[in-house]
Amino acid sequence: MNYKEIIENLKNLIYSWENVQQICDYIILWAVLSGASDIHIEPLASFVRLRYRIDWELKEILEYQSFLHQWIVARFKILSDLKIDESRVPQDWRISKTIEEKPLDLRVSTLPTVQWEKIVMRIVDKSKKVPKLEELWIEGKNLKLVKKSISLPNWIILTSWPTWSGKSTTLYAALSVLNKENVNIMTLEDPVENQVDWINQSQVKPNIWYTFANWLRTALRQDPDIIMVWEIRDHETIEIAIEASLTWHLVLSTIHTNSASETLTRVLQMWIQPFLIPASFNSVIAQRLIRRLCPHCKKQIWLNELDKETLKDIQNAINLTEKEELLSRVWAEILKSPKFYKPIWCEQCDNTWYKWRVWLYEVLEITSWVKEMILSWDSAFNINKQAIKDWMISLEQDWIIKALNGLTSLEEVYSVAKTQNA
């Protein structure tokens, strides 16, 4: 059964509460077959809509009448061991299922609304192998810097990210390189998305004060070589992480910022002394996910079709990139006569124009110039400007290079990626 047939079956089943078990099974099955990452079941004023997040975008698939919703909520609560009679407060847990021979974890979250309860389910395919760093589209200088950073015995490596940027995949890929017999790796995650052999993984439990900071204190007494903290959220956590790095531990973590340079100023805002950052930080990574053009329906566009402002931005990004970096990642013929692509109508990707996603990266190395700017409390803007002078490949430069290679469109680069970075 394909996912189009599932939708037809759902449309025939949504008129009776007696079909709730089948409806819920089909809702999950459709998500798996379509490659969705999340399921949204949202009660509105006069109906309930079913939406899926596919290749980063939410797409409405179906609407059904409100009378059915309470039965669907109850069914998913039973499957995830949540309290059926509690609808006043949010709840969350998980469903473990095997569908199409794939072991899955569905992270179920309920939220009270003015209508009924909303349900969101995050789908984690436990059968997927952790990708290699090279498979994440980290290329050229960025790849060399990441490999160099994780090969060192200590320091902190932070990945900055907004929501939906693939941070967990990057962290797991880095850990897979470091995962060797002679090292002790410990992680605290929220939640544990992939269970990896030979790594000591733990899950945060704030309701019993098992927090990132409390875990870090305990982890340092467990003789670790490498520590991965899922997220830096407060002064206490970053302070202990810096202490760990200064006592010869490699620390990997994430932080909520929009760029690598903003990560440095964000750490300063957590009341960390400036001299501690160059002493404990080796590099900072910023990353994004953008949609990849469907290879079957992309069409070449000519430079004379672009407006002057876009052409100026493109030329500026190319001029700021080392020639060696450009030639290693883009064919010389393309650089002589730049080509870009746009999506057109196509059945291969269900007329969505995009299929799969591409990672974008910038890796900021703490050079001597950047170190001086940190010590003088300089702005993120000036630090970023100096890092690019030191030949950092910025997110925008990485976008342009990938667009030149036909992986994504300029519309995606400027409408999605730049919006996130604003």
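How many bridges join S1 to S2, and in which sense do the two strands run? There are 6 bridges, and the strands run antiparallel. That pairing is a good place to enter this model, which is predicted.

Begin with the sheet as a whole. It is open and has 6 strands, in the order S3-S2-S1-S6-S5-S4, with antiparallel pairing. Two strands form its edges: S3 (57–64) and S4 (91–99), each of which pairs on one side only. On average, neighbouring strands of this sheet are turned by 20 degrees against each other, with direction ignored.

Now walk along the sheet, starting with S1 and S2. A hairpin joins these two strands through 4 residues. Look for Ile-39, which stands opposite Tyr-52 in S2. Tyr-52 also has a bridge partner in S3, namely Lys-59. Trace that second partner to reach the next pairing. S2 and S3 run antiparallel and are joined by 7 bridges. They too form a hairpin, with 2 residues between them. In that turn, Asp-55 has a positive phi of about 50 degrees.

Is S2 enclosed or open to the outside? Count its residues: 6 of the 7 are buried, so S2 is largely enclosed by the rest of the structure. A residue counts as buried when its relative accessible area is under 20%.

Go back to S1 and look toward S6. S1 (residues 38–43) and S6 (residues 117–125) pair in the antiparallel sense over 4 bridges. Here Asp-38 stands opposite Arg-122 in S6.

Helices meet this sheet as well. Helix H2 (residues 20–34) packs on the sheet and touches S1, S2 (48–54), S3, S4, S5 (102–112) and S6. The direction of H2 makes about 25 degrees with that of S2. Helix H3 (residues 69–79) lies across S1, S2, S3, S4, S5 and S6. H3 runs at about 40 degrees to S6.

One strand pair of the sheet remains to be visited. S4 and S5 run antiparallel, with 9 bridges joining them. Ile-99 stands opposite Lys-102 in S5. The hairpin of S4 and S5 has 2 residues between the strands. There, Glu-100 takes a positive phi near 55 degrees.

Leave the sheet and turn to helix H10. Does its length agree or disagree with what is expected for a helix? H10 covers residues 308–319, which makes 12 residues. At 1.5 Å a residue, they should span 16 Å. The end C-alpha atoms are 16 Å apart, so the two values agree. Next, ask which residues of H10 are buried. They are Thr-310, Ile-314, Ala-317 and Ile-318. These residues cover an arc of only 100 degrees around the axis, which puts them on the same side of H10. On the other side, Lys-308, Glu-309, Lys-312 and Asn-319 are exposed. The N-terminal end of H10 has a cap, Asp-307. A side-chain oxygen of Asp-307 lies 3.2 Å from the backbone nitrogen of Glu-309.

Helix H7 (residues 235–246) can be checked in a similar way. H7 has 12 residues and reaches 16 Å from its first C-alpha to its last. That is close to the 16 Å expected at 1.5 Å a residue. Its buried residues include Thr-237, Ile-238, Ile-240 and Ala-241. Ile-242, Ala-244 and Ser-245 in H7 are buried too. Just after H7, Trp-248 takes a positive phi of about 70 degrees.

Finish with two single residues. Thr-170 is found in helix H5 (residues 167–178). Is Thr-170 buried or exposed? Its relative accessibility is 5%, so Thr-170 counts as buried. Leave aside its neighbours within four places in sequence, and Thr-170 is in contact with Leu-136, Gln-287, Trp-359 and Tyr-361.

Ser-151 sits in the loop between helix H4 (140–150) and strand S7 (155–160). Ser-151 has a relative accessible area of 56% and is exposed. Its side chain reaches the backbone oxygen of Lys-148 at 2.6 Å. Now find Leu-250. Ser-151 and Leu-250 are 99 residues apart in sequence. In space they are 9.2 Å apart, C-alpha to C-alpha.

Terms used
Residues numbered from 1 in each chain as written. Predicted model: local features only at pLDDT ≥ 70, side-chain atom pairs only at ≥ 80, totals over all residues. Heavy atoms only, no water. Buried < 20%, exposed > 50% of the residue type's maximum accessible area, 1.4 Å probe, protein only. Contact = heavy atoms within 4.5 Å. Expected span 1.5 Å × (residues − 1). Arc of directions from axis to C-beta. Polar contact = N/O pair within 3.5 Å; in protein donor to acceptor, adjacent residues only side chain to side chain. Pairing = 2+ DSSP bridges. Axes fitted to C-alpha atoms, helices over the stretch in contact; angles between N-to-C directions.
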